[in-house]
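Reader: Could you walk me through how the labels on this model come about? I would like to see each value set against its cut-off.

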Amino acid sequence: MRGFLIGLCILGLAACARPAASGPEQVVAEIYEATAQNIETGATPLDAIPMSEDLATSLARAATVAQARGEPFLDGDIAANCQDCTGLTNLETVVTTPPADGHAVVEARFRLHDQPRVVVWDMIETPEGWRVNNIASPDGYDLRASIAEALAPVPDSCASERDAAAVSLLVEQCKQVSPATHPPCNADNTCAMIEGEIARACGLLGADAPDFCPAR
């Protein structure tokens, strides 16, 4: 995913997002209209994603913490779940959990680089309309989990957990498979984080994953 820091608009994201459409599926469809317009030249604008106040506030806090550490928090397009995204086609939005008690789940199904992708949108109904309360995907991405991780105290580094040769091998394997710009593939992160990125990236590679990938 392309590296970028959260813009100042995120500080008022729930307010600066455009008005939501009538239903959860329509809201997600409108988000992907913005994705399609921006995917070749940049990421989906965050102000095109109408978030719940809680998600917007948490996202702003995580971005501030990450920036203070000199780290990118979001590293690509959170709507398309990709970096250097091109060729988004065959978009379909499907309500997988119909609206009930102010909650709904919508799946966006599409092809990217001619490979099938799914992004899961957790939606809640607010006085301002349906809002995004989380974004996740079957490959392991979870925006809420990423926020919690960014806000958690900095743990010991992988370099302090294992010997130098083991850490170096782990970092090189991570760089070999990860589609990210490699913030996760860093010996200053925990070994668990690096191994998690390897597992996620190997899952994206499928049959093309190298032999060191887990559970092939």
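**Sheet and disulfides**

Author: Gladly! In this predicted model, four strands make up an open sheet in the order 1-2-3-4, and their pairing is antiparallel.

Reader: What makes strand 1 and strand 4 stand at the edges?

Author: Strand 1 (89-100) and strand 4 (129-136) each have a single partner strand, so one side of each has no neighbour in the sheet. As for the twist, neighbouring strands of this sheet are turned by 25 degrees against each other on average, direction ignored.

Reader: How do you know that strand 3 and strand 4 pair?

Author: Pairing asks for at least two bridges between two strands. Strand 3 (residues 115-126) and strand 4 have seven bridges, in the antiparallel sense, so they count as a pair. Among the bridge partners, Val 120 is matched with Ala 136 in strand 4.

Reader: Thanks! Now the sulfur atoms: how many disulfides does the structure hold?

Author: There are four disulfides. In general, such a link is a covalent bond between the sulfur atoms of two cysteines.

Reader: Why is the pair of Cys 82 and Cys 85 called a disulfide?

Author: The cut-off is a sulfur pair within 2.5 Å. The sulfur atoms of Cys 82 and Cys 85 are 1.7 Å apart, so the pair qualifies. The link is right-handed, with 115 degrees about the S-S bond. Cys 82 and Cys 85 are both buried, and that label stands for under 20% relative accessible area.

Reader: What makes the disulfide of Cys 174 and Cys 185 left-handed?

Author: Its torsion about the S-S bond is about -65 degrees, so the disulfide of Cys 174 and Cys 185 is left-handed. Cys 174 sits in helix 6 (residues 164-177), while Cys 185 belongs to the loop between helix 6 and helix 7 (191-205), so the pair ties together parts 11 residues apart in sequence. The sulfur atoms are 2.0 Å apart, and both Cys 174 and Cys 185 are buried.

Reader: And how do you know that Cys 202 and Cys 213 are joined?

Author: The same test applies: their S to S distance is 1.8 Å and the limit is 2.5 Å, so Cys 202 and Cys 213 form a disulfide. Cys 202 is in helix 7 and Cys 213 in the segment after helix 7, so this disulfide links distant parts of the chain, 11 residues apart. With a torsion of about -70 degrees about the S-S bond, the disulfide is left-handed. Both Cys 202 and Cys 213 are buried.

Notes. Residues are numbered from 1 along each chain as its sequence is written. This is a predicted model: local features need pLDDT of at least 70, side-chain atom pairs count only at pLDDT 80 or more; totals for chains, interfaces and linings use all residues. Side-chain values use heavy atoms; hydrogens and water are left out. Buried means under 20% relative accessible area, exposed over 50%, partly exposed in between (1.4 Å probe, protein chains only). Helices (H or I, at least four residues) and strands (E, at least two) are DSSP runs, numbered from the N terminus. Axes are lines fitted to C-alpha atoms, for helices over the stretch in contact, and angles run from 0 to 180 degrees between N-to-C directions.
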